[in-house]
Amino acid sequence: MRYLPLLVTSCFCLLFSCTQEQSFVYEGREGISFEHNTYQIGMGNAPYSISDSIVPIPLMLVGTVSSQSRPYAIKIIDTATTAREGIQFQAFDRKRTLPAGAMTDTLFLKIHRRTLNEDSIYTLTIAINKEGELPPAISERAYVKLMFDNRLAMPQWWSDVSYWLGEYDRRKYQKFIELNGTPITERDMNERKYDYLRIFKKVKSYFDSHPHEGVLFPDVYWEV
């Protein structure tokens, strides 16, 4: 399992994993193929301020480099896709061009994080169109499946500080991660409880000043 960086609009690097077949069938024809079959993109640990993530999806030429640009096309496989174009991910042009002299091309897919609910894993399957100057050259790499989510499970320590934090809402923890820099463990909370509560107090102040986001904290006294 390999891990590669995502590009994101707020200059924050997330991680996603891609899996690839150990062997493939080269059919001896010139064309284009995706470099990997599967990408798994988890955005739950990203800072709350990150609203969109840009996923680079590389493709590679199989055959001879040309001095001329060459067109190819991609398509969404609806039967293997649950994410909605224009809602969970930004619409993209299906007609593409491999530049002259190039061996590779990259599709940059933008995922709209704010539209992802807290429980679902979304899928998007893209295939290379068989029609065109550059058809799929390797059958096992003719498509790519992306699985992405914005899930963030409630940490074990949450109940210990729920007097101040209230019911778990992943947005509270994501804003904390943004201010703190990283998630924390139960041991971290036990050792630095009041330090972290001071950060959560800032989280509360943020959401108190942005009531339209609907994130609520208990109306209690904070001794930090």
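What share of the contacts in the protein chain with a separation of 6 or more comes from residues 24 or more positions apart? In this predicted model, such residues account for 69% of those contacts. The protein chain holds four helices and 11 strands, and buried residues make up 44% of its 224 residues.

## The nonpolar cores

The largest nonpolar core has 29 residues, and Ile57, Ile126, Leu146 and Phe148 touch the most other members. At least two residues of this core come from each of strand 4 (31-34), strand 5 (38-42), strand 6 (52-62), strand 7 (70-76), strand 9 (104-112), strand 10 (122-128) and strand 11 (143-149). Another core, of 21 residues, lies apart from it and includes Trp164, Leu165, Tyr173 and Phe207. In soluble globular proteins, nonpolar side chains tend to be buried together.

The surroundings of Leu146 can be listed in full. Leaving out residues up to four places away in sequence, Leu146 touches Tyr39, Ile41, Val55, Ile57, Leu109, Tyr122, Thr123, Leu124 and Ile126.

## Strand pairing

The pairings described here are collected in the table, each with a pair of residues that stand opposite one another where one is given.

| Strands | Sense | Bridges | Residue pair |
|---|---|---|---|
| Strand 4 and strand 6 | antiparallel | four bridges | Phe34 and Leu59 |
| Strand 6 and strand 9 | antiparallel | nine bridges | Pro56 and Phe108 |
| Strand 7 and strand 10 | antiparallel | three bridges | Ile74 and Ile128 |
| Strand 10 and strand 11 | antiparallel | six bridges | Ile126 and Val144 |

Strand 10 is thus paired with strand 7 and also with strand 11. Seven of the seven residues of strand 10 are buried, so this strand is largely enclosed by the rest of the structure. In a regular strand the side chains alternate between the two faces of the sheet. In strand 10, Tyr122, Leu124, Ile126 and Ile128 point one way, while Thr123, Thr125 and Ala127 point the other way, and all are buried. Ile126 is one of the residues that touch the most other members of the largest nonpolar core, and its bridge partner in strand 11 is Val144.

Strand 6 is mostly covered, with eight of its 11 residues buried. Strand 6 pairs with strand 4 over four bridges and with strand 9 over nine bridges. In the pairing with strand 9, Pro56 has Phe108 as its bridge partner. Leu59 in strand 6 stands opposite Phe34.

## Two individual positions

Is His112, a residue of strand 9, buried or exposed? His112 counts as buried because its relative accessibility is 18%, which falls under the 20% limit. Apart from neighbours within four places in sequence, His112 is in contact with Ser51, Asp52, Ile87, Gln88, Phe89 and Gln90.

Asn129 is placed in the loop between strand 10 and strand 11. With a relative accessibility of 23%, Asn129 counts as partly exposed. Its contacts, without residues up to four places away in sequence, are Ala73, Ile74, Lys75, Leu134, Pro135 and Pro136. Asn129 and Ile76 are 53 residues apart along the chain, and their C-alpha atoms are separated by 9.6 Å.

## Helix 2 and its packing against helix 4

Helix 2 spans residues 170-180, and its buried residues are Arg170, Lys172, Tyr173, Gln174, Lys175, Phe176 and Ile177. The elements that cover these buried residues include helix 1 (162-165) and helix 4 (193-208). Just after helix 2, Gly181 takes a positive phi of about 105 degrees.

How do helix 2 and helix 4 pack, and at what angle? The angle is about 115 degrees, and the axes lie 9 Å apart. Helix 2 passes helix 4 in a right-handed crossing. From helix 2, the contact involves Arg171, Lys172, Tyr173, Lys175, Phe176, Leu179 and Asn180, which meet Tyr196, Ile199, Phe200, Lys202, Val203, Tyr206 and Phe207 in helix 4. By residue class, this contact divides into nine nonpolar, one polar and four charged residues. Tyr173 and Phe207, both in this contact, are also among the residues of the 21-residue core.

How values were computed:
Residues numbered from 1 in each chain as written. Predicted model: local features only at pLDDT ≥ 70, side-chain atom pairs only at ≥ 80, totals over all residues. Heavy atoms only, no water. Core = buried A, V, L, I, M, F, W, Y, C linked by side-chain atoms within 4.5 Å. Buried < 20%, exposed > 50% of the residue type's maximum accessible area, 1.4 Å probe, protein only. Contact = heavy atoms within 4.5 Å. Pairing = 2+ DSSP bridges. Axes fitted to C-alpha atoms, helices over the stretch in contact; angles between N-to-C directions. Left-handed = near helix turned anticlockwise from the far one by under 90°. Nonpolar A, V, L, I, M, F, W, Y, C, P; charged D, E, K, R; others polar.
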